Amino acid sequence: MINQLVIASSGQTTLSTILFVLVSFLVLLLALKKFAWGPVINMMDARENKIAGDIDNAEQSKLNAANLEKQRELELKEARTEAQSIIAQAKETAEKNAHHILIDAQDNAVRMKKQAKEDIRLERERMVEEAKNEVADLSIEIASKILKKELTASAHQELIQSSIEQLGADDNG
C-alpha cells in the first residue's frame, strides 16, 4: 500500500490512485460505521432524550408552578376569609363584653342605691331615736324644774314613755 501511495504521489497512474483513495475512503467509512457510528447515534439519542426530558420537566415545572400559584391564591382567599371571621368574632365578643360590663354597672348602681337608701333609713331611725331620747331628757328636766321635786324611777319611766308616745304621734300626724 505504501508503494502504491508512493506511486500515486509520483503521478504515474491516476486511476489506481483514485481507486486506492476510494477504497481507503470506503474502508474508513466502514470502520467509522462499525466503531464510531453506533456510539455517535447513541450519544445523539441520549442527548435527544435528555433534551426531551428537560423540556418535559420544564413543562411539568411550569404546570406545578401554575398549580402552586392557584393553591397559594386559594390559601390567601381562605386566610382573608378566616381573618374577616376572626375580626367579626372579636367585634361580637367585644360588644358582648361591653354589654355585660354595662349590665354589671347598672346592677352595681342599683345595689349601691338600695344600700344607700337602707343606710339613710337606718340613720333616720337612729336620729329619731336619739331625738326622742333628748326630748325625753329635756322633758324630764323641765318637769323636774317645774315640780321642783325628784321623780321616782317608775314615775320617771312613765313620764319618758308618755313623752315618746306623744312625739311618735306628732311625727306621724
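1. In this predicted model, the side chains of Arg121 and Glu125 meet in a salt bridge, with an N to O distance of 2.6 Å. Arg121 and Glu125 are 4 residues apart in helix 2, so about one helical turn separates the two.

2. Both partners of this pair can be placed by accessibility. Arg121 counts as partly exposed because its relative accessibility is 37%. Glu125, at 43% relative accessibility, therefore also counts as partly exposed. The class in question runs between the cut-offs of 20% and 50% relative accessible area.

3. The contact between Arg121 and Glu125 belongs to a wider arrangement: a network of salt bridges links Glu118, Arg121 and Glu125. In total, the structure holds 6 salt bridges.

4. A further salt bridge joins the side chains of Glu130 and Arg126, at 2.3 Å from N to O. Glu130 and Arg126 both belong to helix 2 and are 4 residues apart, about one turn of the helix. As for accessibility, Glu130 has a relative accessible area of 37% and is therefore partly exposed. Arg126 is partly exposed as well, because its relative accessible area is 38%.

5. Asp54 and Lys50 form another salt bridge, in which the closest N and O atoms are 3.1 Å apart. Here too the partners lie in helix 2, 4 residues apart, or about one turn of the helix. Asp54 has 40% relative accessibility, so Asp54 counts as partly exposed. Lys50 is partly exposed because its relative accessible area is 47%.

6. Attention may also be given to the nonpolar surface. Which residues make the nonpolar surface patch of about 760 Å²? The patch is made by Leu15, Leu19, Leu22, Phe25, Leu26, Leu28, Leu29 and Leu32.

7. Leu26, one of the residues of that patch, lies in helix 2, which covers residues 14-147. Is Leu26 buried or exposed? Leu26 falls in between and counts as partly exposed, because its relative accessibility is 46%. Membership of a patch requires over 30% relative accessible area and no salt bridge, and the value of 46% for Leu26 is to be read with that cut-off in mind.

8. For inspection of the model, the following may be viewed together: the salt bridge of Asp54 with Lys50, that of Glu130 with Arg126, the network of Glu118, Arg121 and Glu125, and the nonpolar patch that includes Phe25 and Leu26.

How values were computed: Residues are numbered from 1 along each chain as its sequence is written. This is a predicted model: local features need pLDDT of at least 70, side-chain atom pairs count only at pLDDT 80 or more; totals for chains, interfaces and linings use all residues. Side-chain values use heavy atoms; hydrogens and water are left out. Patches are made of residues with over 30% relative accessible area and no salt bridge: like charges are joined within 9 Å, nonpolar side chains (Val, Leu, Ile, Met, Phe, Trp, Tyr) within 5 Å. Accessible areas come from the Shrake-Rupley method with a 1.4 Å probe; for residues, only the protein chains shown count as cover. A salt bridge is a side-chain nitrogen of Lys or Arg within 4 Å of a carboxyl oxygen of Asp or Glu. Buried means under 20% relative accessible area, exposed over 50%, partly exposed in between (1.4 Å probe, protein chains only).
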